[in-house]
Amino acid sequence: MDNPAWGGILRHMDTDIIIVGGGLNGPALALAAAQAGFAVTIIDSLPVDQRKRPDFDGRSYALALASTRLLRGIGIWDAIKKDAQPMLEIKVTDGRAGEGPGPWMMHFDHAEIEEGPMGYLVEDRHLRRAFLDAMAADNRITQLAGETVVAQDMHGPRVAVTLASGAAITGQVLVGSDGRQSGTAARAGIKRTGWGYGQTAVVCAVAHEKPHGGIAHQFFMPGGPLAILPLTGNRSSIVWSEDETRATALMAMNDADFLDALRPAFGSFLGQISLTGARFAYPLGLTLANSLIADRIALIGDAAHGVHPIAGQGLNAGLRDVAALAEVFGDARARGEDIGTAQTLARYQQWRRFDTATLAIATDTFNRLFSNDNPLLRAARDIGMGLINAAPGLRRNFIREAAGLTGDLPKLMRE
Ligand SMILES: Cc1cc2nc3c(=O)[nH]c(=O)nc-3n(C[C@H](O)[C@H](O)[C@H](O)COP(=O)(O)OP(=O)(O)OC[C@H]3O[C@@H](n4cnc5c(N)ncnc54)[C@H](O)[C@@H]3O)c2cc1C
(Lines give C-alpha, C1' and ligand atoms only; values in the text may rest on other atoms or scores of the structure.)
Protein backbone atom coordinates (compact mmCIF):
# COMPACT_ATOMS: atom_id res chain seq x y z
CA MET A 1 0.00 0.00 0.00
CA ASP A 2 1.48 3.37 -1.03
CA ASN A 3 0.53 6.19 1.36
CA PRO A 4 -2.65 4.66 2.75
CA ALA A 5 -5.37 7.09 3.71
CA TRP A 6 -4.68 7.64 7.36
CA GLY A 7 -7.70 6.86 9.56
CA GLY A 8 -9.43 10.23 10.16
CA ILE A 9 -7.49 12.52 12.50
CA LEU A 10 -5.92 9.59 14.38
CA ARG A 11 -3.03 9.11 11.93
CA HIS A 12 -1.55 6.24 13.86
CA MET A 13 -0.57 2.78 12.66
CA ASP A 14 0.78 -0.25 14.49
CA THR A 15 3.06 -2.90 12.97
CA ASP A 16 5.66 -5.52 13.96
CA ILE A 17 8.71 -4.06 12.22
CA ILE A 18 9.22 -0.42 11.20
CA ILE A 19 11.87 0.10 8.53
CA VAL A 20 13.13 3.62 7.84
CA GLY A 21 14.66 3.77 4.35
CA GLY A 22 13.33 2.20 1.18
CA GLY A 23 16.62 2.25 -0.77
CA LEU A 24 17.87 -1.30 -1.44
CA ASN A 25 18.54 -2.95 1.92
CA GLY A 26 15.27 -1.77 3.49
CA PRO A 27 13.08 -3.40 0.82
CA ALA A 28 15.15 -6.62 0.97
CA LEU A 29 14.49 -6.82 4.72
CA ALA A 30 10.81 -5.91 4.28
CA LEU A 31 10.34 -8.83 1.87
CA ALA A 32 12.36 -11.29 3.97
CA ALA A 33 10.51 -10.35 7.18
CA ALA A 34 7.08 -10.35 5.51
CA GLN A 35 7.73 -13.82 4.16
CA ALA A 36 8.56 -14.93 7.70
CA GLY A 37 5.07 -13.72 8.69
CA PHE A 38 5.80 -10.28 10.16
CA ALA A 39 3.76 -7.16 9.45
CA VAL A 40 6.18 -4.53 8.11
CA THR A 41 5.87 -0.80 7.53
CA ILE A 42 8.61 0.74 5.39
CA ILE A 43 9.00 4.50 5.10
CA ASP A 44 10.96 6.52 2.54
CA SER A 45 11.14 10.25 1.92
CA LEU A 46 11.01 9.78 -1.85
CA PRO A 47 7.89 8.95 -3.86
CA VAL A 48 7.81 5.52 -5.52
CA ASP A 49 7.53 7.02 -9.04
CA GLN A 50 10.77 8.93 -8.52
CA ARG A 51 12.62 5.82 -7.31
CA LYS A 52 11.31 3.86 -10.31
CA ARG A 53 12.67 6.28 -12.89
CA PRO A 54 15.33 4.49 -15.02
CA ASP A 55 17.74 7.40 -14.47
CA PHE A 56 17.21 7.58 -10.68
CA ASP A 57 20.60 6.01 -9.89
CA GLY A 58 23.36 5.17 -12.38
CA ARG A 59 25.03 2.39 -10.40
CA SER A 60 25.28 -1.25 -11.33
CA TYR A 61 26.04 -3.67 -8.54
CA ALA A 62 28.42 -6.60 -8.56
CA LEU A 63 26.21 -8.90 -6.52
CA ALA A 64 27.99 -11.86 -5.00
CA LEU A 65 26.54 -15.32 -5.58
CA ALA A 66 25.37 -15.41 -1.93
CA SER A 67 23.45 -12.14 -2.45
CA THR A 68 21.69 -13.54 -5.51
CA ARG A 69 20.62 -16.54 -3.41
CA LEU A 70 18.96 -14.10 -1.01
CA LEU A 71 17.20 -12.36 -3.91
CA ARG A 72 15.97 -15.76 -5.09
CA GLY A 73 14.84 -16.62 -1.55
CA ILE A 74 12.78 -13.44 -1.21
CA GLY A 75 11.22 -13.97 -4.62
CA ILE A 76 12.64 -11.19 -6.78
CA TRP A 77 15.36 -12.99 -8.75
CA ASP A 78 12.97 -14.08 -11.53
CA ALA A 79 12.15 -10.43 -12.22
CA ILE A 80 15.86 -9.56 -12.49
CA LYS A 81 17.68 -12.53 -13.95
CA LYS A 82 17.15 -11.76 -17.63
CA ASP A 83 18.90 -8.40 -17.07
CA ALA A 84 21.66 -9.82 -14.86
CA GLN A 85 25.10 -10.47 -16.35
CA PRO A 86 27.02 -13.42 -14.86
CA MET A 87 30.47 -12.45 -13.57
CA LEU A 88 32.74 -15.26 -14.73
CA GLU A 89 36.21 -13.80 -14.19
CA ILE A 90 37.83 -10.89 -12.38
CA LYS A 91 41.12 -9.38 -13.56
CA VAL A 92 42.95 -6.92 -11.31
CA THR A 93 45.95 -4.94 -12.57
CA ASP A 94 48.04 -1.97 -11.65
CA GLY A 95 47.88 0.70 -14.34
CA ARG A 96 48.64 4.26 -15.36
CA ALA A 97 46.59 6.17 -17.92
CA GLY A 98 48.13 5.81 -21.35
CA GLU A 99 50.31 2.87 -20.34
CA GLY A 100 47.62 0.19 -20.27
CA PRO A 101 47.58 -2.56 -17.64
CA GLY A 102 50.85 -3.32 -15.87
CA PRO A 103 52.58 -6.72 -16.11
CA TRP A 104 51.37 -7.90 -12.69
CA MET A 105 47.87 -9.15 -12.50
CA MET A 106 45.52 -11.18 -10.33
CA HIS A 107 43.14 -13.38 -12.27
CA PHE A 108 40.16 -15.03 -10.59
CA ASP A 109 38.13 -17.50 -12.64
CA HIS A 110 34.80 -18.96 -11.46
CA ALA A 111 35.85 -22.30 -13.00
CA GLU A 112 38.07 -22.78 -9.92
CA ILE A 113 35.01 -23.17 -7.67
CA GLU A 114 32.08 -25.54 -8.07
CA GLU A 115 29.21 -23.19 -7.24
CA GLY A 116 29.00 -21.32 -10.58
CA PRO A 117 29.54 -17.63 -11.48
CA MET A 118 31.10 -15.54 -8.68
CA GLY A 119 28.09 -13.28 -8.93
CA TYR A 120 26.03 -11.13 -11.29
CA LEU A 121 26.09 -7.51 -12.42
CA VAL A 122 22.67 -5.95 -11.88
CA GLU A 123 21.72 -2.41 -12.86
CA ASP A 124 20.10 -0.30 -10.14
CA ARG A 125 17.06 0.45 -12.31
CA HIS A 126 16.18 -3.26 -12.54
CA LEU A 127 16.90 -4.10 -8.91
CA ARG A 128 15.04 -1.14 -7.43
CA ARG A 129 11.96 -1.69 -9.59
CA ALA A 130 11.86 -5.39 -8.67
CA PHE A 131 11.98 -4.52 -4.96
CA LEU A 132 9.25 -1.87 -5.24
CA ASP A 133 6.94 -4.12 -7.31
CA ALA A 134 7.39 -7.09 -4.97
CA MET A 135 6.65 -4.94 -1.90
CA ALA A 136 3.52 -3.51 -3.55
CA ALA A 137 2.28 -7.06 -4.19
CA ASP A 138 2.72 -8.21 -0.56
CA ASN A 139 -0.18 -7.28 1.71
CA ARG A 140 1.93 -7.75 4.86
CA ILE A 141 4.01 -4.74 3.76
CA THR A 142 2.79 -1.16 4.06
CA GLN A 143 4.88 1.28 2.02
CA LEU A 144 4.79 4.89 3.14
CA ALA A 145 6.44 6.84 0.33
CA GLY A 146 7.12 10.57 0.29
CA GLU A 147 7.10 10.51 4.11
CA THR A 148 10.10 11.51 6.27
CA VAL A 149 10.78 10.22 9.77
CA VAL A 150 11.64 13.11 12.09
CA ALA A 151 11.51 11.57 15.57
CA GLN A 152 11.60 8.25 17.41
CA ASP A 153 10.72 7.32 21.02
CA MET A 154 10.45 4.29 23.24
CA HIS A 155 7.13 3.43 24.85
CA GLY A 156 7.73 0.41 27.08
CA PRO A 157 7.74 -2.66 24.82
CA ARG A 158 7.04 -0.54 21.71
CA VAL A 159 9.06 1.90 19.63
CA ALA A 160 7.33 4.81 17.89
CA VAL A 161 8.38 6.98 14.96
CA THR A 162 6.87 10.30 14.00
CA LEU A 163 6.67 11.49 10.40
CA ALA A 164 7.05 15.06 9.20
CA SER A 165 3.37 14.88 8.24
CA GLY A 166 2.53 14.35 11.94
CA ALA A 167 1.52 10.69 11.65
CA ALA A 168 2.92 8.10 14.08
CA ILE A 169 3.79 4.43 13.68
CA THR A 170 4.46 2.01 16.51
CA GLY A 171 6.15 -1.37 16.35
CA GLN A 172 8.19 -3.94 18.25
CA VAL A 173 11.41 -2.94 16.57
CA LEU A 174 12.75 -0.11 14.41
CA VAL A 175 15.28 -0.88 11.67
CA GLY A 176 17.42 1.99 10.37
CA SER A 177 18.10 1.41 6.69
CA ASP A 178 18.37 5.12 6.03
CA GLY A 179 21.81 5.26 4.47
CA ARG A 180 25.13 6.85 5.32
CA GLN A 181 23.67 9.83 7.20
CA SER A 182 21.30 7.62 9.16
CA GLY A 183 18.96 9.78 11.23
CA THR A 184 17.81 6.62 13.02
CA ALA A 185 21.36 6.08 14.33
CA ALA A 186 21.85 9.76 15.21
CA ARG A 187 18.53 9.99 17.10
CA ALA A 188 19.47 6.82 19.02
CA GLY A 189 22.77 8.44 20.05
CA ILE A 190 24.88 5.96 18.03
CA LYS A 191 28.13 7.68 17.12
CA ARG A 192 29.98 7.04 13.88
CA THR A 193 33.63 6.63 12.89
CA GLY A 194 34.73 7.68 9.43
CA TRP A 195 36.29 10.11 7.01
CA GLY A 196 36.06 11.30 3.44
CA TYR A 197 38.54 9.96 0.88
CA GLY A 198 38.75 13.18 -1.13
CA GLN A 199 37.67 10.99 -4.06
CA THR A 200 34.50 10.89 -6.14
CA ALA A 201 33.32 7.92 -8.20
CA VAL A 202 32.21 8.91 -11.70
CA VAL A 203 29.77 6.24 -12.87
CA CYS A 204 28.41 5.62 -16.36
CA ALA A 205 27.65 2.83 -18.80
CA VAL A 206 29.44 2.35 -22.11
CA ALA A 207 28.73 0.27 -25.20
CA HIS A 208 31.71 -1.39 -26.87
CA GLU A 209 32.47 -3.21 -30.12
CA LYS A 210 33.81 -6.47 -28.69
CA PRO A 211 32.15 -8.84 -26.20
CA HIS A 212 33.42 -8.66 -22.61
CA GLY A 213 33.14 -12.40 -21.98
CA GLY A 214 31.69 -11.82 -18.51
CA ILE A 215 35.05 -10.50 -17.26
CA ALA A 216 35.18 -7.72 -14.66
CA HIS A 217 38.32 -5.57 -14.72
CA GLN A 218 39.79 -3.44 -11.97
CA PHE A 219 42.68 -1.13 -12.89
CA PHE A 220 44.44 0.57 -10.02
CA MET A 221 45.25 4.07 -11.27
CA PRO A 222 47.14 6.69 -9.22
CA GLY A 223 43.96 8.77 -8.64
CA GLY A 224 41.87 5.77 -7.62
CA PRO A 225 40.54 2.50 -9.04
CA LEU A 226 38.81 2.19 -12.41
CA ALA A 227 36.35 -0.71 -12.56
CA ILE A 228 34.95 -2.00 -15.85
CA LEU A 229 32.04 -4.27 -15.01
CA PRO A 230 30.26 -6.41 -17.62
CA LEU A 231 26.57 -5.72 -18.26
CA THR A 232 24.19 -7.61 -20.56
CA GLY A 233 25.01 -7.24 -24.27
CA ASN A 234 28.17 -5.46 -25.37
CA ARG A 235 27.94 -2.97 -22.51
CA SER A 236 29.94 -2.30 -19.36
CA SER A 237 29.47 -0.17 -16.27
CA ILE A 238 32.35 2.16 -15.41
CA VAL A 239 33.17 3.14 -11.83
CA TRP A 240 36.03 5.62 -12.11
CA SER A 241 37.26 6.90 -8.76
CA GLU A 242 39.32 10.07 -9.03
CA ASP A 243 40.33 12.89 -6.70
CA GLU A 244 37.52 15.41 -6.26
CA THR A 245 39.00 18.11 -8.52
CA ARG A 246 39.60 15.76 -11.41
CA ALA A 247 36.17 14.12 -10.94
CA THR A 248 34.47 17.54 -11.02
CA ALA A 249 36.28 18.28 -14.28
CA LEU A 250 35.27 14.88 -15.72
CA MET A 251 31.62 15.53 -14.82
CA ALA A 252 31.71 18.98 -16.47
CA MET A 253 33.07 17.68 -19.82
CA ASN A 254 30.86 17.08 -22.81
CA ASP A 255 30.48 13.42 -23.85
CA ALA A 256 33.19 13.54 -26.53
CA ASP A 257 35.78 15.09 -24.19
CA PHE A 258 34.84 12.66 -21.42
CA LEU A 259 35.37 9.69 -23.74
CA ASP A 260 38.72 11.14 -24.83
CA ALA A 261 39.71 11.30 -21.15
CA LEU A 262 38.43 7.79 -20.44
CA ARG A 263 40.04 6.00 -23.42
CA PRO A 264 43.68 6.05 -22.22
CA ALA A 265 42.63 4.55 -18.89
CA PHE A 266 40.07 2.14 -20.36
CA GLY A 267 42.38 0.84 -23.10
CA SER A 268 41.37 -0.62 -26.44
CA PHE A 269 40.76 -4.27 -25.50
CA LEU A 270 36.97 -3.91 -26.07
CA GLY A 271 37.28 -1.90 -29.30
CA GLN A 272 35.52 1.46 -29.82
CA ILE A 273 33.51 2.72 -26.84
CA SER A 274 30.52 5.09 -26.63
CA LEU A 275 28.40 6.39 -23.74
CA THR A 276 24.91 4.89 -23.38
CA GLY A 277 23.48 7.35 -20.87
CA ALA A 278 24.21 10.02 -18.29
CA ARG A 279 27.16 10.26 -15.90
CA PHE A 280 26.61 10.15 -12.14
CA ALA A 281 28.95 11.30 -9.34
CA TYR A 282 29.20 9.69 -5.88
CA PRO A 283 31.52 11.29 -3.27
CA LEU A 284 33.41 8.54 -1.45
CA GLY A 285 34.01 8.10 2.26
CA LEU A 286 33.98 5.64 5.11
CA THR A 287 31.28 5.72 7.77
CA LEU A 288 30.94 3.01 10.38
CA ALA A 289 28.31 3.08 13.13
CA ASN A 290 29.95 2.41 16.53
CA SER A 291 27.11 0.02 17.36
CA LEU A 292 24.65 -1.86 15.13
CA ILE A 293 21.94 -1.78 17.81
CA ALA A 294 20.32 0.41 20.44
CA ASP A 295 17.13 0.16 22.51
CA ARG A 296 14.66 -1.63 20.12
CA ILE A 297 16.72 -0.43 17.16
CA ALA A 298 18.92 -2.23 14.62
CA LEU A 299 20.92 -0.70 11.75
CA ILE A 300 21.48 -2.37 8.38
CA GLY A 301 23.24 -1.52 5.11
CA ASP A 302 24.97 1.83 4.65
CA ALA A 303 23.35 3.10 7.86
CA ALA A 304 25.58 0.58 9.63
CA HIS A 305 28.63 0.60 7.32
CA GLY A 306 29.25 2.80 4.28
CA VAL A 307 32.48 1.68 2.61
CA HIS A 308 34.60 2.50 -0.46
CA PRO A 309 33.27 0.72 -3.58
CA ILE A 310 36.79 -0.55 -4.40
CA ALA A 311 35.80 -4.17 -3.82
CA GLY A 312 32.11 -3.84 -4.80
CA GLN A 313 31.05 -5.15 -1.39
CA GLY A 314 28.84 -2.45 0.20
CA LEU A 315 25.47 -3.78 -0.88
CA ASN A 316 26.61 -7.37 -0.48
CA ALA A 317 27.44 -6.64 3.15
CA GLY A 318 24.06 -4.93 3.60
CA LEU A 319 22.24 -7.93 2.18
CA ARG A 320 24.12 -10.13 4.65
CA ASP A 321 22.81 -7.88 7.43
CA VAL A 322 19.32 -8.38 5.99
CA ALA A 323 19.59 -12.17 5.87
CA ALA A 324 21.07 -12.34 9.37
CA LEU A 325 18.52 -9.98 10.94
CA ALA A 326 15.56 -11.72 9.27
CA GLU A 327 16.84 -15.02 10.64
CA VAL A 328 17.33 -13.58 14.15
CA PHE A 329 13.76 -12.19 14.10
CA GLY A 330 12.34 -15.49 12.81
CA ASP A 331 14.19 -17.56 15.43
CA ALA A 332 13.07 -15.21 18.22
CA ARG A 333 9.45 -15.44 17.18
CA ALA A 334 9.68 -19.25 16.91
CA ARG A 335 10.85 -19.29 20.55
CA GLY A 336 7.98 -17.02 21.53
CA GLU A 337 10.34 -14.10 22.28
CA ASP A 338 9.83 -10.39 21.69
CA ILE A 339 11.85 -9.51 18.54
CA GLY A 340 12.91 -6.11 19.88
CA THR A 341 14.57 -7.10 23.16
CA ALA A 342 18.21 -6.35 23.88
CA GLN A 343 19.02 -10.10 23.90
CA THR A 344 17.49 -10.65 20.46
CA LEU A 345 19.22 -7.64 18.92
CA ALA A 346 22.53 -8.59 20.57
CA ARG A 347 22.48 -11.83 18.53
CA TYR A 348 22.33 -9.74 15.36
CA GLN A 349 25.14 -7.46 16.51
CA GLN A 350 27.32 -10.41 17.46
CA TRP A 351 26.74 -12.03 14.08
CA ARG A 352 27.47 -8.98 11.91
CA ARG A 353 29.81 -6.70 13.86
CA PHE A 354 33.14 -8.36 13.14
CA ASP A 355 32.40 -8.93 9.45
CA THR A 356 31.34 -5.32 8.81
CA ALA A 357 34.26 -3.80 10.75
CA THR A 358 36.68 -6.06 8.84
CA LEU A 359 35.18 -4.97 5.53
CA ALA A 360 35.56 -1.31 6.48
CA ILE A 361 39.22 -1.79 7.43
CA ALA A 362 40.01 -3.90 4.34
CA THR A 363 38.45 -1.46 1.84
CA ASP A 364 40.11 1.49 3.57
CA THR A 365 43.52 -0.20 3.46
CA PHE A 366 43.18 -1.30 -0.18
CA ASN A 367 42.22 2.20 -1.24
CA ARG A 368 45.20 3.76 0.57
CA LEU A 369 47.58 1.13 -0.77
CA PHE A 370 46.44 1.32 -4.38
CA SER A 371 45.30 4.91 -4.95
CA ASN A 372 48.76 6.38 -5.25
CA ASP A 373 51.84 6.34 -7.42
CA ASN A 374 54.52 5.85 -4.75
CA PRO A 375 57.17 3.63 -6.48
CA LEU A 376 57.87 1.59 -3.32
CA LEU A 377 54.20 0.87 -2.68
CA ARG A 378 53.72 0.15 -6.35
CA ALA A 379 56.53 -2.44 -6.28
CA ALA A 380 55.20 -3.99 -3.06
CA ARG A 381 51.62 -4.32 -4.30
CA ASP A 382 52.76 -5.70 -7.65
CA ILE A 383 54.80 -8.39 -5.90
CA GLY A 384 51.82 -9.08 -3.58
CA MET A 385 49.49 -9.50 -6.56
CA GLY A 386 51.99 -11.77 -8.27
CA LEU A 387 52.28 -13.96 -5.17
CA ILE A 388 48.50 -14.27 -4.70
CA ASN A 389 48.04 -15.08 -8.35
CA ALA A 390 50.68 -17.82 -8.22
CA ALA A 391 49.10 -19.55 -5.18
CA PRO A 392 46.02 -21.61 -6.14
CA GLY A 393 44.86 -21.92 -2.50
CA LEU A 394 44.95 -18.14 -1.95
CA ARG A 395 43.35 -17.54 -5.32
CA ARG A 396 40.46 -19.88 -4.51
CA ASN A 397 39.99 -18.10 -1.14
CA PHE A 398 39.66 -14.78 -2.99
CA ILE A 399 37.15 -16.29 -5.41
CA ARG A 400 35.04 -17.72 -2.57
CA GLU A 401 35.27 -14.34 -0.80
CA ALA A 402 34.12 -12.51 -3.96
CA ALA A 403 31.23 -14.97 -4.26
CA GLY A 404 30.26 -14.23 -0.64
CA LEU A 405 30.58 -17.88 0.33
CA THR A 406 32.90 -17.49 3.33
CA GLY A 407 32.04 -17.01 7.02
CA ASP A 408 28.88 -17.82 8.94
CA LEU A 409 26.27 -17.59 6.17
CA PRO A 410 22.64 -16.91 7.12
CA LYS A 411 20.13 -19.53 5.89
CA LEU A 412 18.81 -17.25 3.13
CA MET A 413 22.29 -17.18 1.58
CA ARG A 414 22.95 -20.91 1.71
CA GLU A 415 22.16 -23.15 -1.24
C1 LIG B 1 29.95 4.17 -7.03
C2 LIG B 1 29.44 3.06 -6.17
C3 LIG B 1 29.43 1.76 -6.67
C4 LIG B 1 28.99 0.71 -5.86
N5 LIG B 1 29.04 -0.55 -6.35
C6 LIG B 1 28.69 -1.59 -5.55
C7 LIG B 1 28.80 -2.93 -6.01
O8 LIG B 1 29.23 -3.19 -7.14
N9 LIG B 1 28.45 -3.94 -5.17
C10 LIG B 1 28.00 -3.70 -3.91
O11 LIG B 1 27.72 -4.65 -3.17
N12 LIG B 1 27.87 -2.42 -3.45
C13 LIG B 1 28.21 -1.37 -4.23
N14 LIG B 1 28.08 -0.09 -3.77
C15 LIG B 1 27.48 0.15 -2.44
C16 LIG B 1 25.95 0.25 -2.53
O17 LIG B 1 25.58 1.18 -3.53
C18 LIG B 1 25.36 0.69 -1.19
O19 LIG B 1 25.88 -0.14 -0.18
C20 LIG B 1 23.83 0.60 -1.19
O21 LIG B 1 23.28 1.36 -2.25
C22 LIG B 1 23.25 1.09 0.14
O23 LIG B 1 21.86 0.91 0.15
P24 LIG B 1 20.99 1.25 1.46
O25 LIG B 1 19.62 0.77 1.16
O26 LIG B 1 21.67 0.75 2.69
O27 LIG B 1 21.04 2.84 1.60
P28 LIG B 1 20.50 3.99 0.63
O29 LIG B 1 20.48 3.51 -0.78
O30 LIG B 1 21.32 5.20 0.94
O31 LIG B 1 18.97 4.22 1.05
C32 LIG B 1 18.61 5.01 2.14
C33 LIG B 1 17.16 5.43 1.95
O34 LIG B 1 16.70 6.02 3.17
C35 LIG B 1 15.83 7.09 2.85
N36 LIG B 1 15.81 7.97 4.04
C37 LIG B 1 16.86 8.56 4.65
N38 LIG B 1 16.46 9.25 5.72
C39 LIG B 1 15.10 9.09 5.81
C40 LIG B 1 14.09 9.56 6.72
N41 LIG B 1 14.41 10.35 7.78
N42 LIG B 1 12.81 9.21 6.51
C43 LIG B 1 12.47 8.42 5.44
N44 LIG B 1 13.39 7.94 4.56
C45 LIG B 1 14.68 8.29 4.74
C46 LIG B 1 16.44 7.72 1.61
O47 LIG B 1 15.47 8.43 0.85
C48 LIG B 1 16.95 6.48 0.86
O49 LIG B 1 16.04 6.00 -0.11
C50 LIG B 1 28.53 0.98 -4.54
C51 LIG B 1 28.52 2.29 -4.05
C52 LIG B 1 28.99 3.32 -4.85
C53 LIG B 1 29.00 4.73 -4.30
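**Exercise 1.** Determine which ligand atom type lies 3.0 Å from a backbone N or O atom of G312, and then describe the surroundings of the ligand.

*Solution.* Step one takes the polar contacts (pairs of N or O atoms within 3.5 Å): a backbone N or O atom of G312 lies 3.0 Å from a nitrogen atom of the ligand. A backbone N or O atom of A62 lies 2.8 Å from an oxygen atom of the ligand, while a polar side-chain atom of R59 lies 2.9 Å from an oxygen atom of the ligand.

Step two turns to area, by the Shrake-Rupley method with a 1.4 Å probe: taken alone, the ligand exposes 1000 Å², and the protein buries 87% of that.

Step three names the elements, where helices (H or I, at least four residues) and strands (E, at least two) are DSSP runs numbered from the N terminus: β3 (40-44), β4 (60-64), β14 and α9 (314-334) each give two or more residues to the shell around the ligand. Of the 31 residues around the ligand (a heavy atom within 4 Å), N25, D44, A62, D302 and L315 come nearest.

The model is predicted, with local features needing pLDDT of at least 70 and side-chain atom pairs counting only at pLDDT 80 or more, whereas totals for chains, interfaces and linings use all residues. Residues are numbered from 1 along each chain as its sequence is written, and side-chain values use heavy atoms, with hydrogens and water left out.

**Exercise 2.** Find which residues lie nearest the centre of the second largest pocket.

*Solution.* A pocket is an open set of points on a 1 Å grid over the protein atoms alone where a 1.4 Å probe fits, with protein on both sides within 12 Å along at least five of seven lines, and lining residues have an atom within 4 Å of a point. The second largest pocket is lined by 18 residues, with G58, E123, R125, A205 and F280 nearest its centre. Two or more lining residues come from each of α5 (124-136), β14 (192-208) and β17 (235-243).

**Exercise 3.** Explain why the salt bridge between R158 and D14 ties together parts far along the chain, 144 residues apart in sequence.

*Solution.* Under the salt-bridge rule (a side-chain nitrogen of Lys or Arg within 4 Å of a carboxyl oxygen of Asp or Glu), R158 pairs with D14, their closest N and O atoms being 2.7 Å apart. Because R158 lies in strand β11 (residues 158-163) and D14 in strand β1 (residues 12-14), the pair joins parts separated by 144 residues in sequence.

How values were computed
A polar contact is a pair of N or O atoms within 3.5 Å; within protein, one must be able to donate a hydrogen and the other to accept it, and residues adjacent in sequence count only if both atoms are side-chain atoms.
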